[in-house]
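Please work through the exercises below with the sequence and the coordinates at hand, trying each task before reading its solution.

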Amino acid sequence: MNDSANDRPPPRLPISRVLPAERFVSGTSNVKDTMAISRRRYNRAMTTVEAARVPAPDRSTSAGPALVVLGTSGHAREIAWIGESAGHPLLGCLGPPLATEAARLPAPWLGEDDWLDSADPSVRYLIGVGDGSVRDRIDRLAGRNGRRAGSLVSPAATVGGRCSLGDGSILWPGAILTTDVRLGRHVHVGTGATVSHDTEIDDFATLLPGCRIAGNSRIGRGTTIAAGATVIDNISIGKNVLVGAGAVVVRDVPENVVVVGVPARILRSDRPAVH
């Protein structure tokens, strides 16, 4: 039987890209002022028609410190979108003012990276860069004055019992941590990636969409597991490794190598940057 029109749920509306400063929850006037300025900057770039189509967001359940995203690429845009979908107060993005990227940002462009130096101390940062080694360098600069990184979990991600996330770590929609999983600093877990029980993912590692990490595994610092790759249980992968897309890792992998294939074999021993 077909549902009547009155029984159908209302259509889902896009999350607003305009954050009302009066609902901001940091408790500091400086951050409120910054957010209001960011909102005005963004609104000036929108036409009246575009602004009318953006519904006011419900921030009644928003919590946590204000966030900025360091980066203006597609990776950064995804993080900004996750932040908004999770209801976090998002001030905007920082980085090179590339016209082709800034025009597509889902949040205001605030300025170059040095904007963070004069920002309110309560503002925390997320690093919108896919390469773990670059995140490492940016983190050292952004945190040099004691500023803390934020962390972010998509509402569509799943985090099981006794899991821990280091500062700066981000879970994309569909990501799953089952139980007793530990993520280090600035670990990025992509869309649909799964990490099973008792696994440790070291700082600045990147798990790209659809990869699978089985239980009791160890993933080293700065390592990237590419899309669709599988790591079977009880495997240790060294630091700065690239596991190629679709590879199946069935034995331990030393550091600083690229592995590909089924089963995965070492392709080269000098891993290049991947993003």
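The exercises that follow concern a predicted model, and each task is followed by a stepwise solution.

**Exercise 1. Determine which side of helix α5 is buried, and against which strands the buried residues of α5 pack.**

Step 1. Begin with the residues that are buried in α5, namely Gly132, Arg135, Asp136, Asp139 and Ala142. These residues cover an arc of only 140 degrees around the axis, which puts them on the same side of α5.

Step 2. Recall the general geometry: an α-helix has 3.6 residues a turn, so residues three or four places apart point the same way.

Step 3. Turn to the other side of α5, where Arg140 and Leu141 are exposed.

Step 4. Finally, look at what the buried residues of α5 pack against, which is β1 (67–70), β4 (124–127), β11 (188–189) and β14 (206–207).

**Exercise 2. Establish which backbone oxygens the side chain of Arg135 reaches, and how far away its nearest side chain of opposite charge is.**

Step 1. Locate Arg135 in helix α5, which spans residues 132–142.

Step 2. Examine the charge environment: Arg135 is buried yet has no salt bridge, and the nearest side chain of opposite charge, that of Asp131, is 6.6 Å away. Because a salt bridge requires the nitrogen and the carboxyl oxygen to be within 4 Å, the separation of 6.6 Å does not qualify.

Step 3. Look next at the backbone, where the side chain of Arg135 reaches the oxygen of Val129 at 2.9 Å and the oxygen of Phe204 at 3.2 Å.

Step 4. Complete the surroundings with the contacts of Arg135, leaving aside residues up to four places away in sequence unless they are listed: among the residues it touches are Ile127, His186, His188 and Thr206.

**Exercise 3. Find which residues have the most contacts inside the largest nonpolar core.**

Step 1. The largest nonpolar core has 30 residues, and those with the most contacts inside it are Leu207, Ile225, Ile237 and Val243.

Step 2. Apart from this core lies another, of 15 residues, which includes Ala66, Leu94, Leu110 and Ile127.

Step 3. Take Leu207 as a case: not counting residues up to four places away in sequence, Leu207 touches His188, Val189, Gly190, Ala193, Val195, Ile201, Ile213 and Ile225.

**Exercise 4. Count how many salt bridges a search of the whole structure finds, and work out which parts of the chain the pair Asp180 and Arg162 ties together.**

Step 1. The search of the whole structure finds ten salt bridges.

Step 2. In one of them, Asp180 pairs with Arg162, with the closest N and O atoms 2.9 Å apart. Asp180 lies in the loop between β9 (176–177) and β10 (182–183), and Arg162 in the loop between β6 (158–159) and β7 (164–165), so the pair ties together parts that are 18 residues apart in sequence. As for accessibility, Asp180 counts as partly exposed at 27%, whereas Arg162 counts as exposed at 65%.

Step 3. Arg185 forms a salt bridge with Asp167, the closest N and O atoms being 3.8 Å apart. Arg185 lies in the loop between β10 and β11 and Asp167 in the loop between β7 and β8 (170–171), so this pair ties together parts that are 18 residues apart in sequence.

Step 4. The side chains of Arg218 and Glu200 meet in a salt bridge at 4.0 Å, N to O. This pair links distant parts of the chain, with Arg218 in strand β16 and Glu200 in strand β13.

Step 5. To finish, salt bridges that share partners join Asp136, Arg140, Asp203 and Arg221 into one network.

Methods. Residues numbered from 1 in each chain as written. Predicted model: local features only at pLDDT ≥ 70, side-chain atom pairs only at ≥ 80, totals over all residues. Heavy atoms only, no water. Helix = DSSP H or I, 4+ residues; strand = E, 2+ residues; numbered from the N terminus. Buried < 20%, exposed > 50% of the residue type's maximum accessible area, 1.4 Å probe, protein only. Lys, Arg positive; Asp, Glu negative; His and termini not counted. Polar contact = N/O pair within 3.5 Å; in protein donor to acceptor, adjacent residues only side chain to side chain. Contact = heavy atoms within 4.5 Å. Core = buried A, V, L, I, M, F, W, Y, C linked by side-chain atoms within 4.5 Å. Arc of directions from axis to C-beta.
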